[in-house]
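Please find my notes on this model below. They are set out as numbered points, to be read alongside the coordinates.

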Amino acid sequence: MGSSVEKKKKNIHFELCPTSSDETGGWTYHDEESRDWTKHPAKAMLRYGLNCGFNSDDPAVFATSLTWQYRIAIGKIGLTKHYIVK
């Protein structure tokens, strides 16, 4: 896969969907009590400067929307609007 440094140098774009990463196990935590959205990998990826964008993945499957993903990013993950509207 390569390191984060290589991905940053190559400007690889990552699509982030907090809902599907939670529901599919792409983001792992031990149990519901240990799920801390502020530790979601999206936060570290953006702070590191990786090229990322939020999306709704498959709205019909995950019953979500792009707006809801933004709400999670700001309200639960703790990102600022700066990271969302770059």
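The points below go through strands, cysteines, backbone angles, aromatic residues and a few single residues.

1. Status of the model. This is a predicted model, and the comments should be read with that in mind.

2. Strand β1. This strand covers residues 13-16, and its side chains alternate. F14 and L16 point to one face and are buried. H13 and E15 point to the other face and are not buried.

3. Strand pairing. β1 pairs with strand β2, residues 51-54. The sense is parallel, and the pairing runs over 4 bridges. For register, use H13: N51 in β2 stands opposite.

4. Cysteines. How many disulfides does a search of the whole structure find? The count is 0. The sulfur of C52 is the closest cysteine sulfur to that of C17, yet the two are 13 Å apart, so they are too far from each other for a bond. The view from C52 agrees: C52 is in no disulfide, and its nearest cysteine sulfur is that of C17, 13 Å away. The cut-off for a disulfide is 2.5 Å between sulfur atoms. Both sites are worth a look for burial as well. C17 is buried, at 7% relative accessible area. C52 also counts as buried, with a relative accessibility of 18%.

5. Positive phi angles. Most residues other than glycine have a negative phi. N11 has a positive phi, near 55°. N11 lies in the loop between α1 (4-9) and β1. A63 has a positive phi too, near 50°. A63 sits in the loop between α4 (59-62) and α5 (66-77). Is A63 buried or exposed? A63 is exposed, with a relative accessible area of 72%.

6. N55. This residue is in the loop between β2 and α4. N55 is buried, and its relative accessible area is 18%. Which side chain does the N55 side chain meet in a polar contact? The partner is E15, at 2.7 Å. Beyond neighbours within four places in sequence, N55 is in contact with E15, L16, C17, L66 and Q69. E15 belongs to the β1 face whose side chains are not buried, whereas N55 is itself buried.

7. T64. T64 is in the loop between α4 and α5. T64 is buried, at 12% relative accessible area. A polar contact of 2.4 Å joins its side chain to that of Q69. Outside the four places on either side in sequence, T64 is in contact with T19, S56, P59 and Q69. Q69 is also among the contacts of N55.

8. Aromatic pairs. A search of the whole structure finds 3 aromatic pairs. One of them joins F54 and Y70 in an edge-to-face arrangement, with 6.4 Å centre to centre and 70° between the planes. This pair links distant parts of the chain: F54 is in strand β2 and Y70 is in helix α5, 16 residues apart. F54 is buried, with a relative accessible area of 10%. Y70 is partly exposed, at 29%.

9. Aromatic cluster. Which residues form one aromatic cluster? They are W27, Y29 and W37.

10. Charge over a ring. K8 lies over the face of Y48. The distance from the ring centre is 4.7 Å.

11. S21. S21 is found in helix α2, residues 18-23. S21 counts as buried, with 16% relative accessibility. Not counting residues up to four places away in sequence, S21 touches G26, W27 and H40. W27 is also a member of the aromatic cluster with Y29 and W37. What separation is there between the C-alpha atoms of S21 and D57? They are 9.5 Å apart, while along the chain the two residues are 36 residues apart.

12. Points to check by eye. I would ask the reader to view these together. The first is the E15 and N55 side-chain contact, at 2.7 Å. Another is the T64 and Q69 side-chain contact, at 2.4 Å. Add the positive phi of N11, near 55°, and that of A63, near 50°.

Conventions
Residues numbered from 1 in each chain as written. Predicted model: local features only at pLDDT ≥ 70, side-chain atom pairs only at ≥ 80, totals over all residues. Heavy atoms only, no water. Buried < 20%, exposed > 50% of the residue type's maximum accessible area, 1.4 Å probe, protein only. Helix = DSSP H or I, 4+ residues; strand = E, 2+ residues; numbered from the N terminus. Pairing = 2+ DSSP bridges. Polar contact = N/O pair within 3.5 Å; in protein donor to acceptor, adjacent residues only side chain to side chain. Contact = heavy atoms within 4.5 Å. Phe/Tyr/Trp six-rings, centres within 6.5 Å; stacked < 30°, edge-to-face > 60°. Lys NZ or Arg CZ within 6 Å of the ring centre and 35° of its normal.
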